[in-house]
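Welcome to a set of short exercises on reading a protein model. Try each task yourself before you look at the worked solution.

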Amino acid sequence: MQWLREMWTREGPGIPKDAPKKTGLALFAEILVREWWEMVKLNILFILASLLVVTLPAALVAMARVSVTFVEDRNTYLLRDFTEAFLRYFWRATAWGLVLAGGLAIGIHAIVAYTAGARDNLLLSVPLAIALVATAFVTVLACHLIILMVMRDLPASRLLRLAALASIIRPLPALAALAFVASLWLAHILFYPVSVFMPATFNFSLGMFAVVFGAHRAAVMVLELPPYRKPHARNAS
Amino acid sequence: MASISLKELNKSYGALTVVHDIDLEIADKEFIILVGPSGCGKSTTLRMIAGLEEISGGELKIGGDVMNDVPSKDRDIAMVFQNYALYPHMTVYKNMAFGLQLRKVSRDYIDAQVQDAARILDISHLLNRKPKALSGGQRQRVALGRAMVRNPAVFLLDEPLSNLDAKLRGTMRSEITKLHKRLNATFIYVTHDQVEAMTMADRIVVMKDGHIQQVDTPQNLYDRPVNMFVAGFIGAPQMNMLPSTILRRGEGYVAVFDGRELPLPAHFDQNRIAPYEGRELVLGIRPENFHELPPADIAPENLAPLKAVVELAEPMGSEVHLNMVAGGRNLIARVSPRYRPDIGEEATLVADMTNAQLFDKETERSILY
């Protein structure tokens, strides 16, 4: 058992206080390495919490709340924080979930309809392009809205306005995050049934983490917070 | 108010007694250090104060209340261990908060305490990291922080710097001293490192074989050791012990070593020396009291030449340690780095007797104090 004890008690390299903060994909990888086990647990929590389907929006928002603490490098008590966020945001998340799902459904329906029509009438490619852009915007807006909801308690109108603003000023990181999410699910589909473990272990939480990572900077900007929030700040929630 | 009183405190394991009837009064907000060689009972004493070892006999009071049978958690103390004892699966924040969570303290209070301790110890950037990523010094800070968040009246530190490298130990020494001043709490610190003891303590308790040898301020321990053990333990390199014979010369006395008469200063209590006239005792001279040339600021009557054969010269940068032999005894002298006698050469040094010590050969106790 000595080797096991050594493994636990061996000194690490240390963390210099003034080391330059990593950015971009390097930071993404660093957080992933640091929090991978928490993400696995978070994924399981999410699946359990969303089993009833009607709880899906609240579970999604609770997962976003925990993911924000990962990105902000703050301590989290996973079960406690997830449960609290689930209960706290339940009605807000459900209401926004219905609105945003409705918006996305309309967008997707329009895309499908205009795609079919554009085959016969080329002029319909214009509304198709508009539907594509609008749907993408609603998707990005949904990402920012969820992140902003768990970062600050804001009235609905202000929340929507800030989410729209964030989606306009920094849409690309959120789109990249959504592409990453899509690739996760694509991998799951392509490698099925070998990849059957993916949704059960990390697809949901890793996807949400990617979205939060992508949208966090824009959220910080529109909330007029310092660009690099100090971790563990008392008012950081 | 966290004064601590140990009255005839002892600890036995069956027939083996490892701590013998210790009496010690520790004042509120005092920084006291228990020092001694391995197995002298210092850690056992600390663990009895902490409540981690059962007290076999005697009385322990903290803040005036008898604590012999009070559980450790109710003694208003916090302990920092040599191996840090951090939970490897918890982040730094959770490690620090854990004790307060067990006490069912409010979340806001826990957060405030953890953040404050982290700020003081400059580990705010580590709060979301696990111990495996931290260096020894950072782990030590976390262990200190975990003790601090409980806001205890007494801090017990069991060789907290032993696992750190020399440079970091020096840094942490000064940080713990500053922390003590800042927290205004009573600190009881165990170490076998006399440098730690000398640099940090308000008072030092020197222990040997379960007995307290001397309790005093660092300078007094150095200048006025009560016995040969304390004289030898405190100071590096350690004090030279030279068997000498006391003879009377005029109004005063001399110690005869290796055929040379070393004058005993007039400020020594002559009445204490008188009974030893013609007898052999042990003359103690610290290495820094040997000089290659007579120092101008020392009265000439307190200086005496001493010849010794140089066996080894250890350059330390700011000084040279000369290992020498005189009268069949090994001597160490700390001299200027410019003085480099050849190995095997018989060098003549000047012994400054102003701060010499005299010990009874049988009892090993100082005859001066």
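**Exercise 1. How many residues of each chain take part in the contact between chain B and chain A, and how much area do they bury?**

Step 1. Count residues on each side: 28 come from chain B and 23 from chain A, where contact means heavy atoms within 4.5 Å.

Step 2. Before going on, note what you are looking at. This is a predicted model, in which local features need pLDDT of at least 70 and side-chain atom pairs count only at pLDDT 80 or more, while totals for chains, interfaces and linings use all residues. Residues are numbered from 1 along each chain as its sequence is written, chains are lettered from A and ligands numbered from 1 in the order in which they are written, and side-chain values use heavy atoms, leaving out hydrogens and water.

Step 3. Now the area: the two chains bury about 2,200 Å² between them, with 42% of it on carbon and sulfur atoms. Buried area is the accessible area (1.4 Å probe) that two parts lose on being put together, summed over both.

Step 4. Look for the residues of chain B that lose the most area to chain A: they are Arg107(B), Asn128(B) and Arg129(B), together 27% of what that side buries.

**Exercise 2. Which charged and polar pairs cross this interface, and which helices of chain B supply residues to it?**

Step 1. Search for salt bridges (a side-chain nitrogen of Lys or Arg within 4 Å of a carboxyl oxygen of Asp or Glu). The rule finds three of them between chain B and chain A.

Step 2. Take one pair: Arg107(B) bridges to Glu84(A), with the closest N and O atoms 2.4 Å apart.

Step 3. Next, polar contacts. These are pairs of N or O atoms within 3.5 Å; within protein, one must be able to donate a hydrogen and the other to accept it, and residues adjacent in sequence count only if both atoms are side-chain atoms. Across the interface, 14 residue pairs qualify, both residues being at pLDDT 80 or more.

Step 4. Find the helices on the chain B side. Helix 2 (92–102), helix 3 (107–121) and helix 4 (136–148) of chain B each supply at least two residues, and helix 3 of chain B gives the most, with five. Helices (H or I, at least four residues) and strands (E, at least two) are DSSP runs, numbered from the N terminus.

Step 5. Sort the chain B side by type: nine residues are nonpolar, eleven polar and eight charged. Here Ala, Val, Leu, Ile, Met, Phe, Trp, Tyr, Cys and Pro count as nonpolar, Asp, Glu, Lys and Arg as charged, and the others, Gly among them, as polar.

**Exercise 3. How many helices and strands does chain A have, and which residues have the most contacts inside the largest nonpolar core?**

Step 1. Count the elements: chain A has ten helices and zero strands.

Step 2. Check burial. Of its 237 residues, 43% count as buried, which means under 20% relative accessible area (exposed is over 50%, partly exposed in between; 1.4 Å probe, protein chains only).

Step 3. Join up the core, a set of buried Ala, Val, Leu, Ile, Met, Phe, Trp, Tyr and Cys residues linked through side-chain atoms within 4.5 Å. The largest has 58 residues, and Phe82(A), Leu145(A), Leu148(A) and Phe209(A) have the most contacts inside it. Helix 10 of chain A gives the most to this core, with eleven residues.

Step 4. Zoom in on Phe82(A): leaving out residues up to four places away in sequence, its partners include Leu42(A), Phe46(A), Met63(A) and Tyr77(A).

**Exercise 4. Is helix 1 of chain B largely enclosed or open?**

Step 1. List its buried residues: Lys42(B), Thr44(B), Thr45(B), Leu46(B), Met48(B), Ile49(B) and Ala50(B).

Step 2. Compare with its length. Seven of the nine residues in helix 1 (residues 42–50) of chain B are buried, so the helix is largely enclosed by the rest of the structure.

Step 3. Look just past the helix: Gly51(B) takes a positive phi of about 90°.

**Exercise 5. Where in chain B do Lys11(B) and Glu53(B) sit, and are they buried or exposed?**

Step 1. Find the pair: Lys11(B) and Glu53(B) form a salt bridge, their closest N and O atoms being 3.7 Å apart.

Step 2. Place each partner. Lys11(B) is in strand 1 (residues 4–13) of chain B, and Glu53(B) is in the loop between helix 1 and strand 4 (57–62) of chain B, 42 residues apart.

Step 3. Check burial: Lys11(B) and Glu53(B) are both buried.
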